[in-house]
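Trainee: I am new to this structure and would be grateful for a close look at a single part of it. Please choose a loop, describe what its residues do in the model, and then place it among its surroundings.

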Amino acid sequence: MTRVFNDPARFAEDMVQGFVAAHPDHVRAVPGGGGVVRAHRPGTAKVAVLTGGGSGHYPAFCGVVGKGFADGSVIGNVFTSPSAAQAYSVAAEAETGAGVLFMFGNYAGDVMNFGQAAQRLTDEGIPARCFAVTDDIASAPAAEADRRRGIAGGFTVYKTASAAAEEGASLQEVVRVAEHTNARTRSLGVAFAGCTLPGQREPLFTVPEGKLGLGLGIHGEPGVRESELASARELAGTLVEGLLAERPDEAADSRRVAVLLNGLGATKYEELYVLWASVERLLTEAGLELIRPEVGELVTSLDMAGCSLTVTWLDDELERLWLAPADTPAFRRGGTAPEATATGRAASAPRTATAGRAAARPAIATGEAITVGSTVVRALRAAHTLLHEQEETLGRLDAVAGDGDHGRGMCKGVDAALAAAEKAQATEAAPAALLGAAGDAWAAEAGGTSGALWGAGLRALGSALPADRAPAPTELADGARAALEAVTSLGKAEPGDKTLVDALAPFVTAFQERLEAGSPPAEALGAAADVARTAAEATAELRPRLGRARPLAERSIGTPDPGATSLAMVLGAVADTVRPAV
């Protein structure tokens, strides 16, 4: 289990503080949090390659920030996508005028949050692109390769793309290198035992004695199936045969390969070398030439016992980039010249893209809108109490086919939302501004898919509320509908996909129908919340199509979706809270 921590909710922040203190020659923290960037800004403009994702994977992602590798790393909570605000803040510190490339594994929360950050940068005139790695062959069939997860193969993709950027390649060229490397990279992993989140006593999953989980994820997800725990020779055969069967068509004539045998956190180096002896022999017998293979911990999963094997089929370009020098806290190769500090803005001064523009003062609440704002704050307090009571329950639900972080993420989100709402209320902000502040804070602090969706939904809901009076029933219905549309537009989920939309959509429909029938808003809210609870329970029989649970779809059947469950819980608590006040 993970034994060393202070406050489990601040594990990532405390880790970053210690990491920066240990490696001041390589990295510095981004002001305000969110991640790290190189200690010294490049002396000339270059594409800023930023890796990122949830923490718990060291040395990925922050451990490879440095010359020849990444320019910065966006660091989320344990196994949770960083927020769009975090990604933007790191990019603002790292970019030098040649554009930004965010690189991450293909997980819904990462795609959503990094995409939002890239769009914001682009809107401000900074070219920005995203690239999601899809190397895990166990997570989807070859015909659906774009839906595969990113696991340890991301290390190779990040390395070659970063080396291209270091050579001065354009943003378009760096993206091309990432695409080219990803297309020629395949990974397969196994787990012997699950990992444990900081502050938790039980692992996210267990593997029966004498078994192994084949096709694990790196966010604490179990394997897609279990098989007998074999000898090192037999395990090597399973991994090598699986990857060689997936050899890319475009690499049919390639004999040179980059190979990673990656430990996931609790598998000892000696064990990895025992396994490597058989892996190396099998790959060589298959006619492959191994170019600077790496054996060790590269992309971990806290204290998970297990390993993964990655093969990247090289060509002349990729071999050059794979072998290019790098100097980072966790990965060094060859010799690199000392980093030259930029002569432009000081390395410690954050870039503010919107500097010089006066911030618009939010509308002031008047009349009955003041009471509405108070009701919103009371509703958030009720949600806060409930989510903290249910944190462990929601985490267990999420651990069935996901990473077990949903309860902790929801608590971080509601903590930030409540604080922001109370602050806005103190300035007499109108309900729209109050909910907007709450939504932005939720998204920024919670990160992950649910953080982004809750943030978007709260802001959209607020847009329908007037600043000077209590909302009319039609405005309440419009606000609920706007929240649903914001969530579905951002998350691309539909009813039946086993997400929070399966509870939100029927809630909105029931709420609107009750209001149109003349029910008082509080009564309509309570009835609709009951509908949402029933719908959330029904997700137990659905097979997920989106998100981290999708590769473990069969395992999730019989368990309600944690996102739909937490939404229904919150709606019920809010209904109970506002009933006397409306």
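Mentor: One term is needed at the outset: a residue is called buried when its relative accessible area is under 20%, exposed when that area is over 50%, and partly exposed in between. The model is a predicted one. Its protein chain has an average pLDDT of 90, and 92% of the residues reach at least 70. The stretch of residues 342-350 has a pLDDT below 50, and beyond near neighbours in sequence it has 19 contacts in the model. Residues 352-359 also stay under 50, and for them the model has three contacts beyond four places in sequence.

The part I have chosen is the loop between S3 and S4, where phenylalanine 69 is located. Among the 10 aromatic pairs of the structure, one joins phenylalanine 69 to phenylalanine 155 in an edge-to-face arrangement, with 5.5 Å from centre to centre and 70° between the planes. These two residues are 86 residues apart in the chain, and phenylalanine 155 belongs to helix H4, residues 154-166. Phenylalanine 69 has a relative accessible area of 0% and is therefore buried; phenylalanine 155, at 3%, is buried as well. Phenylalanine 69 also forms an edge-to-face pair with phenylalanine 331, at 5.7 Å between centres and 85° between planes. Here the partners are 262 residues apart, phenylalanine 331 being in the loop between strand S14 (326-327) and strand S15 (332-333). Phenylalanine 69 and phenylalanine 331 are both buried. Taken together, Phe69, Phe155 and Phe331 make up one aromatic cluster.

The backbone of this loop also deserves attention. Most residues other than glycine have a negative phi, and most peptide bonds are trans. Against that background, the bond from tyrosine 58 to proline 59 is cis, with omega near 15°, and proline 59 lies in the loop between S3 and S4. A cis peptide bond also joins alanine 60 to phenylalanine 61, with omega about 5°; phenylalanine 61 is in the loop between S3 and S4.

Charge comes into the picture through aspartate 71. Side chains of opposite charge can pair when their charged atoms come close. Aspartate 71 forms a salt bridge with lysine 46, and their closest N and O atoms are 2.7 Å apart. The partners are 25 residues apart: aspartate 71 is in the loop between S3 and S4, while lysine 46 is in the loop between strand S2 (35-38) and strand S3 (48-55). Lysine 46 and aspartate 71 are buried.

For comparison, consider arginine 120 and glutamate 124, whose salt bridge has its closest N and O atoms 3.6 Å apart. Arginine 120 counts as partly exposed because its relative accessibility is 38%, and glutamate 124 is partly exposed with a relative accessible area of 26%. Another bridge joins glutamate 392 and arginine 396, at 3.2 Å between the closest N and O atoms. These two are four residues apart in helix H10 (residues 391-399), so about one helical turn separates them. Returning to aspartate 71, salt bridges with shared partners join it with Arg38, Lys46 and Glu166 into one network. The search of the whole structure finds 26 salt bridges.

Beyond strand S4, the chain enters the loop between S4 and helix H2 (84-94), where phenylalanine 79 is found. Its phi is near 60°, a positive value in a residue other than glycine. Phenylalanine 79 counts as buried because its relative accessibility is 0%.

Strand S4 (72-78) itself leads to another element: with helix H9 (368-389), helix H11 (406-426) and helix H13 (448-462), it is included in what covers the buried residues of H12. Those buried residues include Leu434, Leu435, Trp442 and Ala446. The 16 residues of helix H12 (residues 431-446) should span 22 Å at 1.5 Å a residue, and the end C-alpha atoms are 22 Å apart, so the two values agree. Glycine 447 follows H12 and has a positive phi, near 60°.

To gather the picture of the chosen loop: phenylalanine 69 belongs to one aromatic cluster with Phe155 and Phe331, and aspartate 71 forms a salt bridge with lysine 46.

Terms used: Residues numbered from 1 in each chain as written. Predicted model: local features only at pLDDT ≥ 70, side-chain atom pairs only at ≥ 80, totals over all residues. Heavy atoms only, no water. Expected span 1.5 Å × (residues − 1). Buried < 20%, exposed > 50% of the residue type's maximum accessible area, 1.4 Å probe, protein only. Contact = heavy atoms within 4.5 Å. pLDDT = per-residue confidence, 0-100. Salt bridge = Lys/Arg side-chain N within 4 Å of Asp/Glu carboxyl O. Phe/Tyr/Trp six-rings, centres within 6.5 Å; stacked < 30°, edge-to-face > 60°.
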